[in-house]
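Take a walk through this model, starting in a loop and ending with the whole chain. Keep the structure open as you read.

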Amino acid sequence: MKSFISKSANETLLFATEYAKTLKGGDVVLLGGDMGAGKTVFAKGVAKGLGIEEEVLSPTYAYMNDYSGKLYHYDCYRLSCGEQAEALGLCDYFYGNGVCLIEWSKNIASVLPANCKTVNIIKKGEDIREIIYD
């Protein structure tokens, strides 16, 4: 695991933009962190790094937002098990050509593919975040 200390939301965004360049279609990234840690900021950076220009919003009520087939941004907070994700068709995207970025992945752990990448954002202060990633 590697670690990066971000001192602002903008640094998190820039780091995620660069991190996105290490990703390829079919990668599944489990994005962890408490509420307010900066997961959506990170997702915006990943989208930017993948060349997506549309605004990235948290998919809390939609479960998953599709950004031109390049990025699938999940929020599994309201799911209680992997079977719910399967029933909603969310698992189908794990094996496609886009990058899957999954928040609250522990709620669907039973259906996640092997070899997922992980990014955890830990709030260390008002604007300081530690980003632990592989």
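S68 sits in the loop that links β3 (64–67) and β4. The model is predicted, and this loop residue has a backbone angle worth a look. Its phi is positive, near 55°, and S68 is not a glycine. Most residues other than glycine have a negative phi. Is S68 buried or exposed? With a relative accessible area of 58%, S68 is exposed, because exposed means over 50%.

A second case lies further along the chain. N115 is placed in the loop between β5 and β6. N115 is not a glycine either, yet its phi is positive, about 65°. Its relative accessibility is 76%, so N115 counts as exposed. A glycine offers another positive phi: G51, which follows α2, has a value near 85°.

Now step from the S68 loop into β4. Strand β4 covers residues 71–75, and H73 is found in it. How accessible is H73? Its relative accessible area is 0%, so H73 is buried. Its contacts show what surrounds it. Leaving aside neighbours within four places in sequence, H73 touches A43, V56, L57, S58, P59, Y63, M64, N65, Y67, L101 and E103. A43 is one of the buried residues of helix α2. H73 and E53 are 20 residues apart in sequence, and their C-alpha atoms are 14 Å apart in space.

Turn to helix α2 itself. It runs over residues 39–49. Which of its residues are buried? They are K39, F42, A43, G45, V46 and A47. An α-helix has 3.6 residues a turn, so residues three or four places apart point the same way. In α2, K39, F42 and V46 are among the buried residues. The cover over the buried residues of α2 comes from several elements, including α1, β2, β4, β5 (99–103), β6 (117–123) and β7 (129–133).

Helix α1 is part of that cover, and T12 gives a view of it. T12 is found in α1, which spans residues 9–20. Its relative accessible area is 4%, so T12 is buried. Beyond its neighbours within four places in sequence, T12 is in contact with S6, G38, V41, F42, R129 and I131. Of these contacts, F42 is a buried residue of α2. R129 and I131 fall in the range of β7 (129–133).

Strand β2 also belongs to the cover of α2. L30 lies in this strand, which spans residues 28–32. Is L30 buried or exposed? Its relative accessibility is 15%, so L30 counts as buried; the cut-off is under 20%. Leaving out neighbours within four places in sequence, L30 is in contact with I102, S105, L112, C116, K117, T118 and V119. I102 falls within the range of β5 (99–103), and K117, T118 and V119 fall within that of β6 (117–123). L30 and G49 are 19 residues apart in sequence, and 17 Å separates their C-alpha atoms.

Next, the cysteines. How many disulfides does the structure hold? It holds zero. C76 is in no disulfide; the nearest cysteine sulfur belongs to C91 and is 8.6 Å away. A disulfide needs sulfur atoms within 2.5 Å. C91 is likewise in no disulfide, and its nearest cysteine sulfur is that of C76, at 8.6 Å. C76 counts as buried because its relative accessibility is 0%. C91 has 10% relative accessibility, so it counts as buried too.

Finally, pull back to the whole chain. It has three helices and seven strands. Along the sequence they follow the pattern β-α-β-α-β-β-α-β-β-β. The radius of gyration is 14 Å, close to the 14 Å that the globule rule gives for 134 residues, so the chain is as compact as a globular protein of that length. Its C-alpha atoms fill a box of roughly 40 × 30 × 30 Å along the principal axes. Buried residues make up 47% of the 134 residues. Of the contacts between residues at least 6 apart in sequence, 62% join residues at least 24 apart.

The surface and the charges complete the picture. The accessible surface comes to about 6900 Å², and 50% of it belongs to carbon and sulfur atoms. The chain carries 14 positive and 17 negative charges, and their mean positions are 5 Å apart.

Methods: Residues are numbered from 1 along each chain as its sequence is written. This is a predicted model: local features need pLDDT of at least 70, side-chain atom pairs count only at pLDDT 80 or more; totals for chains, interfaces and linings use all residues. Side-chain values use heavy atoms; hydrogens and water are left out. Buried means under 20% relative accessible area, exposed over 50%, partly exposed in between (1.4 Å probe, protein chains only). Helices (H or I, at least four residues) and strands (E, at least two) are DSSP runs, numbered from the N terminus. The radius of gyration is taken over C-alpha atoms; the globule rule is 2.2 Å times the number of residues to the power 0.38. Contact means heavy atoms within 4.5 Å. Accessible areas come from the Shrake-Rupley method with a 1.4 Å probe; for residues, only the protein chains shown count as cover. Lys and Arg count as positive and Asp and Glu as negative; His and the chain ends are not counted. The place of a charge is taken as NZ of Lys, CZ of Arg, CG of Asp or CD of Glu.
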